[in-house]
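The following exercises are to be worked with the sequence and the coordinates at hand. Each task is followed by a solution in steps.

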Amino acid sequence: QVHLVESGGGLVQAGGSLRLSCAASGSILSINNMGWYRQAPGKQRELVALITRDSSTNYVDSVKGRFTISRDNAKNTVHLQMNSLKPEDTAVYYCNADIWRVVGGLFNHWGQGTQVTVSS
């Protein structure tokens with residue numbers, strides 16, 4: 001079994017910061033891409049930021065310059081530093097990872113989600 005567990009969500013005022021973390025655990029050989037998605041009420045889930053195993057990154061235009069994704073391959077963790085938060089960043093944020101399992105091969109995994117609420 002492989003699990004992704006997120007932490008770090010919460011309520012913050014506009015202009016504030018939050019840091020999301022996601023830890024992968026279980027029978028893991030290695031992890032390829034890791035990313036953060038978000039889903040606001042009534043909207044489709046969207047990719048916010050992606051990081052490859054060699055730490056190449058990609059961001060949705062709306063968060064460029066405000067959010068930073070990073071990872072620690074030794075700890076199987078990925079983080080999202082969110083600065084200058086805006087009310088439109090309010091959503092449930094999900095961690096996602098392509099994980100090579102010890103048994104079974106490559107699978108895509110999702111975390112349970114963490115709520116981020118930005119008040120105006």
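Helices (H or I, at least four residues) and strands (E, at least two) are DSSP runs, numbered from the N terminus. The model under study is a predicted one.

**Exercise 1. Architecture of the chain**

Task: Determine how many helices and strands the protein chain has, and state in which order the elements run from the N terminus.

Solution.
Step 1. The count of secondary structure elements gives zero helices and 11 strands.
Step 2. Read from the N terminus, the order of the elements is β-β-β-β-β-β-β-β-β-β-β.
Step 3. The radius of gyration is 14 Å, close to the 14 Å that the globule rule gives for 120 residues, so the chain is as compact as a globular protein of that length.
Step 4. Along the principal axes, the C-alpha atoms fill a box of roughly 45 × 25 × 20 Å.
Step 5. For contacts with a separation of 6 or more, 55% are between residues 24 or more positions apart.

**Exercise 2. Surface and charge**

Task: Describe the burial of the protein chain, its exposed surface and its charged side chains.

Solution.
Step 1. Of the 120 residues, 38% are buried.
Step 2. The exposed area is about 6,200 Å², and carbon and sulfur atoms supply 49% of it.
Step 3. There are 11 positive and 8 negative side chains, with the centres of the two sets 2 Å apart.

**Exercise 3. The disulfide**

Task: Identify which cysteines form a disulfide, and establish its handedness.

Solution.
Step 1. Searching the whole structure yields one disulfide.
Step 2. Its partners are Cys 22 and Cys 95, whose sulfur atoms are 2.1 Å apart; the cut-off for a disulfide is 2.5 Å.
Step 3. In the chain, this pair links distant parts: Cys 22 belongs to strand 3 (residues 18-26) and Cys 95 to strand 9 (residues 91-101), 73 residues apart.
Step 4. The torsion about the S-S bond of Cys 22 and Cys 95 is about -80 degrees, so the disulfide is left-handed.
Step 5. Both Cys 22 and Cys 95 are buried.

**Exercise 4. Surroundings of the disulfide**

Task: Decide whether Trp 36 is buried or exposed, and do likewise for Thr 77; then relate each residue to a cysteine of the disulfide.

Solution.
Step 1. Trp 36 is found in strand 4.
Step 2. Its relative accessibility is 0%, so Trp 36 counts as buried; the limit for this class is under 20%.
Step 3. Trp 36 and Cys 95 are 59 residues apart along the chain, yet their C-alpha atoms are separated by 4.8 Å.
Step 4. Thr 77 is part of strand 8, and with a relative accessible area of 12% Thr 77 is also buried.
Step 5. Leaving aside residues up to four places away in sequence, Thr 77 touches Cys 22, Ala 23, Met 34, Ser 70, Arg 71 and Asp 72.

**Exercise 5. Residues in loops**

Task: Locate Arg 45 and Glu 88, and classify the exposure of Arg 45 and of Glu 88.

Solution.
Step 1. Arg 45 is in the loop between strand 4 (28-39) and strand 5 (46-51).
Step 2. Arg 45 has a relative accessible area of 34% and is partly exposed.
Step 3. With residues up to four places away in sequence not counted, Arg 45 touches Tyr 37, Arg 38, Gln 39, Tyr 94 and Trp 110.
Step 4. Between Arg 45 and Val 5, 40 residues apart along the chain, the C-alpha separation is 18 Å.
Step 5. Glu 88 occupies the loop between strand 8 (77-82) and strand 9.
Step 6. A relative accessible area of 57% makes Glu 88 exposed, as that class begins over 50%.
Step 7. Glu 88 and Ser 120 are 32 residues apart in sequence and 9.6 Å apart from C-alpha to C-alpha.

**Exercise 6. Positive phi angles**

Task: State what phi value Ser 55 has and what phi value Ser 84 has, and place both residues in the chain.

Solution.
Step 1. Most residues other than glycine have a negative phi.
Step 2. Ser 55 has a positive phi, near 70 degrees.
Step 3. Ser 55 lies in the loop between strand 5 and strand 6 (57-59), and is partly exposed at a relative accessible area of 42%.
Step 4. Ser 84 also has a positive phi, near 50 degrees.
Step 5. Ser 84 is in the loop between strand 8 and strand 9, and its 40% relative accessibility counts as partly exposed.

How values were computed: Residues are numbered from 1 along each chain as its sequence is written. This is a predicted model: local features need pLDDT of at least 70, side-chain atom pairs count only at pLDDT 80 or more; totals for chains, interfaces and linings use all residues. Side-chain values use heavy atoms; hydrogens and water are left out. Buried means under 20% relative accessible area, exposed over 50%, partly exposed in between (1.4 Å probe, protein chains only). The radius of gyration is taken over C-alpha atoms; the globule rule is 2.2 Å times the number of residues to the power 0.38. Contact means heavy atoms within 4.5 Å. Accessible areas come from the Shrake-Rupley method with a 1.4 Å probe; for residues, only the protein chains shown count as cover. Lys and Arg count as positive and Asp and Glu as negative; His and the chain ends are not counted. The place of a charge is taken as NZ of Lys, CZ of Arg, CG of Asp or CD of Glu.
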